[in-house]
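I opened this notebook to keep track of what I looked up in the structure shown below. The entries follow the order in which I went through it.

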Protein chains: 2
Amino acid sequence: MALTKKTVTGMKDIMPDEMVIRDYVISVITETYSRFGFTRIETPCVENIENLTNKQGGDNEKLIFKILKRGEKLNLSEAKEEADLVDGGLRYDLTVPLVRYFSNHANELPNPFKALQMGNVWRADRPQRGRYRQFMQCDIDILGESTNLAEIELILATTATIGKLGFKNFEIRLNDRRMLKSMAAYAGFKEEDYDNVFITLDKMDKIGLDGVTAELSENGYSKECIDKYLSLFKELESYKNDGRGAVEYLSSTLKDFLSEEVKNNLTEIMDAVNAAKEADFELVFDPTLVRGMSYYTGTIFEIAMPEFGGSCGGGGRYDLMVGKFTGNDVPACGFSIGFERIILLLMESGFKVPGEEKKTVFLIEKGMSSERLTEALKEASALRSNGQKVLVVKMNKNKKFQKEQLTKEGYTEFIEFYRNPLN
Amino acid sequence: MALTKKTVTGMKDIMPDEMVIRDYVISVITETYSRFGFTRIETPCVENIENLTNKQGGDNEKLIFKILKRGEKLNLSEAKEEADLVDGGLRYDLTVPLVRYFSNHANELPNPFKALQMGNVWRADRPQRGRYRQFMQCDIDILGESTNLAEIELILATTATIGKLGFKNFEIRLNDRRMLKSMAAYAGFKEEDYDNVFITLDKMDKIGLDGVTAELSENGYSKECIDKYLSLFKELESYKNDGRGAVEYLSSTLKDFLSEEVKNNLTEIMDAVNAAKEADFELVFDPTLVRGMSYYTGTIFEIAMPEFGGSCGGGGRYDLMVGKFTGNDVPACGFSIGFERIILLLMESGFKVPGEEKKTVFLIEKGMSSERLTEALKEASALRSNGQKVLVVKMNKNKKFQKEQLTKEGYTEFIEFYRNPLN
């Protein structure tokens with residue numbers, strides 16, 4: 001039977017050019033986080049179906065690739081519901097598997113546990129340009145550290161990595177879910193409305209103060225609440241480049257709604273990161289930063305790349321999630337790097353992996369004697385042992401065209417071997 | 001709902017210790033093959049179900065993890081057969097995806113195309129100790145090179161890799177399917193019996209000449225054929241350490257059944273590999289080497305590690321496979337490294353990844369001022385920028401126990417930071 005040449009819908013083949021960059025990014029991530037004491041782990045790509053459908057995954061649970069039970073003949077006639085056929089699915093993120101892994105192996109793991117995961121995840125999203133149904137995620141988590149040493153280390157390690165990849169002038173935006181909530185409380189919103197209010201607030205950088213005012217008003221919130229809420233953000237505009245000042249202003253204004261701890265948390269993170277950072281970036285307090293996921297319990301942060309118009313990752317503290325799975329709360333904080341987005345940015349910018357300068361081709365005339373071929377291979381071997389890249393290929397009739405093609409593949413030197421050594 | 005802590009049946013979590021070794025092996029493989037002009041590629045883990053079930057995969061086709069169709073509600077009542085529910089499956093090897101990839105992208109790829117693939121594959125085998133349902137394969141293939149330059153380069157690159165991983169005194173066993181066939185023809189076996197005869201021959205290293213004789217006889221082959229067949233192997237015993245001699249003996253004895261090309265093929269490979277090899281190993285002509293897969297058309301080879309009692313990979317030439325999928329034959333030769341076996345051997349031998357000597361811990365007293373913490377982090381940052389591994393953790397009450405644990409994790413230096421600098 002003939003082959004279907006195309007990939008399955010929505011997934012992609014990775015070409016050699018891109019693969020070189022992906023391998024390089026993976027090596028930089030592994031190496032940098034390792035310097036900060038993180039260790040890589042891996043979980044199976046297939047997860048128990050119950051773990052994927054226990055309501056912790058939000059909308060992703062609608063996008064699971066489900067796997068048929070194996071080991072017995074599929075019995076269609078007796079199957080009444082999907083659960084009779086399915087016992088596993090492809091993981092849709094790396095968080096559910098991390099929590100399962102941690103609860104399975106906590107006794108064997110260091111405390112705190114600093115985990116680095118890089119792996120594919122699958123989501124049966126509607127196929128669209130630039131979004132694939134299989135993609136790589138890169139998650140870094142610290143489990144068991146309750147102080148903001150976790151946040152500080154995550155931000156230092158992540159920015160060191162991003163910097164090592166050549167990105168400059170990026171920002172880390174910082175906020176705290178407790179700050180968000182106390183601002184909403186101060187304004188007089190009801191607690192059950194917070195998440196809805198934050199959805200509007202999250203659009204601040206796109207629609208501005210006026211847009212946010214209009215949307216909150218459309219959604220039926222009282223003018224009094226909205227005015228009081230927005231007055232905070234207007235006041236904060238005078239602290240644009242003064243995160244410490246902004247946090248202190250909010251701390252004193254919201255003092256009936258906000259614990260001292262939140263102020264200390266944010267100022268400590270800003271002080272420590274600014275003092276110890278390796279990379280060239282700004283740490284910015286951003287009171288409009290929301291981060292969609294409702295499981296965050298404290299600090300939240302995001303990598304912003306203004307010149308590329310968007311976020312390249314983010315994370316925060318989620319002290320109550322592990323307990324929802326296991327019954328025992330464990331302090332937890334994580335950072336997820338937008339791996340595929342970073343690869344896309346590097347590809348588009350024509351990024352060249354460092355140390356790829358000299359690549360040699362040995363062009364071997366066809367029909368050469370075994371002895372002569374051996375001579376050429378010995379020379380190639382000597383160069384390769386020195387760490388040099390040497391491609392040995394047969395010489396084509398159209399040598400000029402062949403060299404042009406090889407030049408496009410990045411080869412810079414050509415050595416020709418003929419049946420008879422040239423005089 | 002509570003989490004299922006265990007992995008799905010037959011798949012495993014990878015712990016930090018093993019992951020360090022896996023990452024190292026992957027980096028050595030990538031780096032070494034890259035020096036030989038191989039480029040990494042990747043295909044989706046999910047393949048079209050038709051590609052996985054077109055009879056090229058042998059028994060593996062019985063072990064496919066099948067994936068339910070997505071995007072529409074699963075309609076159990078209308079589904080008459082599995083095909084109504086399934087359109088993809090997890091790949092069971094990397095060869096089918098490689099051939100699909102090559103036929104999809106041949107115009108964009110170099111010719112010859114030297115591909116390196118490392119990726120997970122899945123087989124719903126009965127779970128058993130040391131064999132998992134998800135495991136990593138590492139395949140290296142050259143498509144489009146008809147001469148034995150392909151075999152020579154594959155053997156040189158693979159042995160350089162194995163050598164770089166610290167293995168010594170291993171063997172590459174070499175044979176040619178055409179040699180196997182001509183030996184069987186010379187003995188008088190019928191062509192339709194060859195594969196069956198080879199299954200017995202394959203056991204030579206376990207059951208010896210007598211065992212092979214007995215089994216062939218049990219299987220009903222004539223004494224005349226068996227005696228003539230075995231006389232070849234007896235004669236070959238005097239060429240134990242003389243591959244060239246053995247090939248020349250066979251070539252003259254089998255001259256009515258064997259083309260000169262096969263002799264030249266094997267002797268050229270032996271000469272070139274022995275002259276140009278980087279690693280410390282023996283290239284051995286082994287007329288009993290069979291390699292199970294019937295798709296091989298010429299040279300076959302295997303990595304043998306006598307001290308570990310088994311094979312760590314193998315491969316050969318399969319010039320007719322691509323055509324079976326695509327309708328156009330393309331010369332092809334590949335080597336598959338037994339990745340999981342190599343990891344197991346390294347783990348069991350207590351292998352330590354090079355360059356992991358100095359690992360420092362900063363122990364931070366709890367309740368430290370923000371300023372003091374920042375000082376510690378600045379010091380850590382200075383060491384980390386120098387490439388050193390530094391773990392920053394809070395000091396436990398039982399500092400002695402904590403240091404013992406960290407020592408077990410490979411940390412060698414401990415620096416303590418107290419709330420007040422020591423005088």
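**Entry 1, an asparagine in a loop.** I began with A:Asn169, which is exposed, with a relative accessible area of 54%; here buried means under 20% relative accessible area, exposed over 50% and partly exposed in between, with a 1.4 Å probe and protein chains only. I noted that this is a predicted model, in which local features need pLDDT of at least 70 and side-chain atom pairs count only at pLDDT 80 or more, while totals for chains, interfaces and linings use all residues. Residues are numbered from 1 along each chain as its sequence is written, chains are lettered from A and ligands numbered from 1 in the order in which they are written, and side-chain values use heavy atoms, with hydrogens and water left out.

I placed A:Asn169 in the loop between helix 4 (149-164) and strand 7 (170-176) of chain A; helices (H or I, at least four residues) and strands (E, at least two) are DSSP runs, numbered from the N terminus. Phi of A:Asn169 is near 55 degrees, a positive value in a residue that is not glycine. In chain B I found B:Asn169 in the loop between helix 4 and strand 7 (170-176), with phi near 55 degrees as well, and B:Asn169 is exposed at a relative accessible area of 53%.

**Entry 2, cis peptide bonds.** Most residues other than glycine have a negative phi, and most peptide bonds are trans. I therefore wrote down the bond between A:Asn111 and A:Pro112, which is cis with omega about -5 degrees. A:Pro112 sits in the loop between helix 3 (95-105) and strand 5 (113-122) of chain A. The bond from B:Asn111 to B:Pro112 is also cis, with omega near -5 degrees, and B:Pro112 is in the loop between helix 3 (95-105) and strand 5 of chain B.

**Entry 3, how the two chains are related.** I looked up the superposition, done by least squares on the C-alpha atoms of residues with pLDDT of at least 70 in both copies. Chain A falls on chain B with an RMSD of 0.1 Å after a rotation of 180 degrees and 0.0 Å of shift along the axis. The two copies are thus related as by a two-fold rotation axis. The same surface serves both copies, as 100% of the contact residues of chain A recur in chain B, where contact means heavy atoms within 4.5 Å. Of the residues of chain A, A:Ile67 comes closest to the axis, its C-alpha lying at 2.2 Å.

**Entry 4, cysteines.** Which cysteine sulfur is nearest to that of A:Cys45? I counted a disulfide as a pair of cysteine sulfur atoms within 2.5 Å, and by this rule there are 0 over all chains. The nearest cysteine sulfur to A:Cys45 is that of B:Cys45, 5.6 Å away, and A:Cys45 is in no disulfide. A:Cys45 counts as buried at 5% relative accessibility. A:Cys138 is buried too, at 0%, and its sulfur is 12 Å from the closest cysteine sulfur, in A:Cys312, which is too far for a bond.

**Entry 5, strand 10 of chain A.** I found 6 of the 8 residues of strand 10 (residues 310-317) buried, so this strand is largely enclosed by the rest of the structure. Strands count as paired if DSSP finds at least two bridges between them. Strand 9 (residues 299-305) pairs with strand 10 in the antiparallel sense over 5 bridges, with A:Phe301 and A:Gly315 as bridge partners. These two strands form a hairpin with 4 residues between them, and A:Gly309 in the turn has a positive phi of about 60 degrees. Strand 11 (residues 332-337) of chain A is likewise antiparallel to strand 10, over 5 bridges, and there A:Ile337 is the bridge partner of A:Gly313.

**Entry 6, the sheet in chain B.** I read the order of an open sheet of 8 strands in chain B as 1-5-6-11-10-9-7-8, with mixed pairing. Strand 1 (39-40) and strand 8 (281-285) stand at the edges, each with a single partner strand, so one side of each has no neighbour in the sheet.
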